[in-house]
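Me: I have a structure open here and would like to go through it with you. Can we start with any empty space inside?

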Amino acid sequence: MHNEEHTWTIEAKASLFDLKLNEVWAYRDLLWLLVRRDFVSFYKQTILGPLWFFIQPLFTTIIFTFIFGNLAGISTDGLPKPLFYMAGITAWNYFADCLTKTSTVFRDNAAIFGKVYFPRLIMPLSIVVSNLVRFGVQMILFLIMFIYYYLADASFQPSWAITLVPVVVILMALLGLGAGMIISAMTTKYRDLAFLVGFGVQLLMYATTVIYPLSTAIEKYPKYAWIIKYNPMTPIIETFRYGFLGEGSFTWGSLGYATGVTLALLVFGIVIFNKVERNFVDTV
């Protein structure tokens, strides 16, 4: 008996907004294989393996506490310094990883894109999902530190905004995905951008409230605070801190602004990603 198999017709997209999500769903097994590949290949030749998930944020927190908290004396709004920095680092790392790794999708996968057909959106999506695993591990470290300080020094209380944490995580993922797809599409013609991404992400961190609260930036540097205030990652990190630690410059307006910017970048990223996908093999 003849078994009918579903086949896909590969043709030019009718619209730049056509994501063919039905194909993405059909290739979901490939998505999970790519997630597993990213996880295994990154740590298979390391001695400590997944322990690096803990080591990197832990040592970064120690360094930030010593340099910015003790030597520079930057305020942490009365919160325990290690806990304040760990909250910012945990949130920032997920966004930064999504952005930097998505920004090289076309360049890193030029060979396979030119030989095998599958929905190209699978690649950046797999990066966001695989980084979510790392974020989850670092969240465990943050929660361990959170519980320790809460039991030892209950000078802070979680707020109702902790229920917004899933929304915050989604915003971080979509913001990194949208910005990363834009940069990835642009690097097919302008290779120099690839060299600027790592440096630019580091600079962007200092323009985000990772090592200081927004209240301190507004108080000490009112002329330049608008740069930090209108950075879409600032409301996201402030909401994350406010939810867990009860301190932070949270407003619905600022979170709404971050959401609007995130969606705008995501839509623009999808448009330019789809446009470049059509003929990127000729330019990469």
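Me: How many cavities of 30 Å³ or more does the structure hold?
Reply: Two cavities reach 30 Å³ or more. Bear in mind that this is a predicted model.

Me: What volume does the second largest cavity have?
Reply: The second largest cavity holds about 30 Å³ of space.

Me: Which residues line the second largest cavity?
Reply: Its lining consists of Asp77, Leu79, Phe84, Pro213, Glu238, Arg241, Glu247 and Gly248.

Me: And how does the lining of that second largest cavity split by class?
Reply: Four lining residues are charged, three are nonpolar and one is polar.

Me: Back to Asp77 from that list. Where does Asp77 lie?
Reply: Asp77 is in the loop between α3 and α4, where α4 covers 81–102. Its phi is near 60 degrees, which is a positive value in a residue other than glycine.

Me: Is Asp77 buried, partly exposed or exposed, and why?
Reply: Asp77 counts as partly exposed because its relative accessibility is 27%, and the partly exposed class runs between 20% and 50%.

Me: Let's zoom out. How many helices and strands does the protein chain have?
Reply: The protein chain has 13 helices and zero strands. Along the sequence the pattern therefore reads as α repeated, α-α-α-α-α-α-α-α-α-α-α-α-α.

Me: What share of the residues is buried?
Reply: Of the 284 residues in the protein chain, 46% are buried.

Me: What about contacts between residues that are far apart in sequence?
Reply: Taking contacts in the protein chain with a separation of 6 or more, 80% are between residues 24 or more positions apart.

Me: Give me an example of residues apart in sequence. What about Leu34 and Ser126?
Reply: Leu34 and Ser126 are 92 residues apart along the chain, and their C-alpha atoms are separated by 6.1 Å. Leu34 sits in helix α2, residues 28–43. Setting aside neighbours within four places in sequence, Leu34 is in contact with Ile122, Met123 and Ser126.

Me: Is Leu34 buried or exposed, and why?
Reply: Leu34 is buried, because its relative accessible area is 8% and the cut-off for buried is under 20%.

Me: Now Gln157. Where is Gln157, and what is Gln157 in contact with?
Reply: Gln157 is in the loop between α7 (122–152) and α8. Leaving out neighbours within four places in sequence, Gln157 is in contact with Tyr150, Phe244, Leu245 and Gly246. The C-alpha atoms of Gln157 and Phe244 are 7.4 Å apart, with their positions 87 residues apart along the chain. At 46% relative accessibility, Gln157 counts as partly exposed.

Me: New topic, helix packing. At what angle do the axes of α8 and α13 cross?
Reply: The axes of α8 (residues 165–187) and α13 (residues 252–277) cross at roughly 35 degrees and come within 8 Å. The crossing is left-handed.

Me: Which residues of α8 and α13 make the contact?
Reply: On α8 they include Leu171, Leu174, Gly178 and Met181. On α13, among them are Leu255, Thr259, Leu266, Phe268 and Phe273.

Me: How do the residues of the contact of α8 with α13 divide by class?
Reply: They divide into 16 nonpolar and four polar, with no charged residues.

Me: Last one, Trp52. Where does Trp52 lie?
Reply: Trp52 lies in helix α3, residues 52–71, and counts as partly exposed at 39% relative accessibility. From Trp52 to Gln138 the C-alpha to C-alpha distance is 9.9 Å, and the two are 86 residues apart in sequence.

Technical notes
Residues are numbered from 1 along each chain as its sequence is written. This is a predicted model: local features need pLDDT of at least 70, side-chain atom pairs count only at pLDDT 80 or more; totals for chains, interfaces and linings use all residues. Side-chain values use heavy atoms; hydrogens and water are left out. Helices (H or I, at least four residues) and strands (E, at least two) are DSSP runs, numbered from the N terminus. Buried means under 20% relative accessible area, exposed over 50%, partly exposed in between (1.4 Å probe, protein chains only). Axes are lines fitted to C-alpha atoms, for helices over the stretch in contact, and angles run from 0 to 180 degrees between N-to-C directions. A crossing is left-handed if the near helix is turned anticlockwise from the far one by less than a right angle, and right-handed if clockwise. Contact means heavy atoms within 4.5 Å. Ala, Val, Leu, Ile, Met, Phe, Trp, Tyr, Cys and Pro count as nonpolar, Asp, Glu, Lys and Arg as charged, and the others, Gly among them, as polar. On a 1 Å grid over the protein atoms alone, a cavity is a set of points where a 1.4 Å probe fits but cannot get out, and a pocket is an open set with protein on both sides within 12 Å along at least five of seven lines; lining residues have an atom within 4 Å of a point. Grid points are joined across faces, edges and corners, and a volume is the space filled by probe spheres set on the points.
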